[in-house]
Amino acid sequence: MSAFPGQSIFSNYRFVFGVYALATLFASIKLTILFSSNNYSIFYYSLYHLIEGKSLYALYPAQYSDHYHYAPTFAALFAPIFALPYSVGLFLWQFLFAGVWVYAVYRMPLTRQQKVFAYWFGLQELFTSLVNSQTNPLIAAIPLFAFLSFEKKQPLWAAFFIVLGFNIKIYSLVAAALFLLYPQKRRFLVYMMLWGLVLGLLPLLFTSPAELLYQYEMWVRELLFKSNHDKWANTSIHRLIHLFLSPDVPTAVIIGSGVLLFCTVYVHVQRFGQRAFRLLMVASILIFQVIFNPVSESPTYITAVTGVLIWWFVGPQSTLDRILLISCFVLTVLSPSDFFPAVLRDQWTKPYALKALPCVLIWFRVIYLMHVRSPIMHSVSKSSSLINS
């Protein structure tokens, strides 16, 4: 499948990567020179609060609005960037996360045409995340890196990426669902505990054990507080259910039902050896961790859209699938942008959380395909993965 038939320049990696570099440069200049970034300010000052022994999770209105929601490890992990002057770090931040996502897609076992299609399809969604200085491109890349590590029979690195993601956004832990599809399960669990210990104690480079324990206590409280966020403020299946079914459906019931449905695919043990099945699991993980997150926002959807792309490349690409893909591009990718009519965005897509709807429908489609016994492989390259790099 060609991304743009008859226009070879649009399939040229140099041209595609050049467009991404320009888009990222535009986002960095916009944030560094014309505006600022509240999100990056939250990240930036976390290192100083950690060093000074202040609560990472308190409000600091003189520095930024909102709360810090990440693990103490996050501040230590990105210390090399946060130690730079504010403007320099902010400028580089967008390049770091755009580069990680682009590289992750490049390493996937997809054909050249599929990768090019993914880059063009995901460009606007990635830009939406970048202009908000979000970490979501990395969160989207982590399940891909974990998958590639499992495929290379490297549970050590699979565990590293998953624990890394957990310390940035806890929903990244969903990627651990992959380990049941591969051998060396016990070894993987041991490595998970090892990396959990190493990364969990990393902030000790900047603080004392007692203060770190205090920070973790505050982190747990912050997570519990955030999970009780106003049900009308998210863009996820939660809001769709509360809008169109009943506002009284508990968050725990929605998540629990999703987890149960997610796990039903494990009954097909005989299909674990099929790469298509494993790729659909990656797609399910990427979409699940966004649509079932009760505090998902528009910039988080680069993760779900990455899952949508993997589903599209693996699935049958029927008329139904094409309709779902187009609806995802229009409602999920384009709706927050200037390409989408403002009237429709303000009166329909935002109030009714329609950005989430295509991804929700596609996730159910993914689960269905994983239960279908007929072959579902669709033009996935067997020679472009990290395995032969």
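Start by selecting L22, L25, I29, I33, L34, F35 and F95: in this predicted model, these residues make up a nonpolar patch on the surface, and their accessible area comes to about 690 Å² together.

Now colour helix α1, which covers residues 13-34. Helix α1 supplies five residues of the patch, the largest share.

Stay on that helix and click on L22, which is found in α1. Is L22 buried or exposed? Its relative accessibility is 58%, so L22 counts as exposed, the cut-off for that being over 50%.

Next, zoom out and give the two domains their own colours: domain 1 takes in 14-220, and domain 2 takes in 226-375. If you place a marker at the C-alpha centre of each, the markers for domain 1 and domain 2 will sit 21 Å apart.

Then turn to where the domains meet. On the domain 1 side, 35 residues are in contact with 40 residues of domain 2. How much area do domain 1 and domain 2 bury between them? The figure is about 3,200 Å², with 74% of it on carbon and sulfur atoms. To see who gives up the most area in domain 1, select F121, E125 and Y171; together these residues account for 25% of what that side buries.

Keep E125 selected and add K355. The two form a salt bridge, and their closest N and O atoms are 3.2 Å apart. While you're at this interface, look for salt bridges running across it: there are three between domain 1 and domain 2.

Notes:
Residues numbered from 1 in each chain as written. Predicted model: local features only at pLDDT ≥ 70, side-chain atom pairs only at ≥ 80, totals over all residues. Heavy atoms only, no water. Patch = residues over 30% accessible without salt bridge, like charges linked within 9 Å, V, L, I, M, F, W, Y side chains within 5 Å. Areas by Shrake-Rupley, 256 points an atom, 1.4 Å probe, with all protein chains shown as cover. Salt bridge = Lys/Arg side-chain N within 4 Å of Asp/Glu carboxyl O. Helix = DSSP H or I, 4+ residues; strand = E, 2+ residues; numbered from the N terminus. Buried < 20%, exposed > 50% of the residue type's maximum accessible area, 1.4 Å probe, protein only. Domains from an automatic or database assignment. Contact = heavy atoms within 4.5 Å. Buried area = accessible area lost by both parts, 1.4 Å probe.
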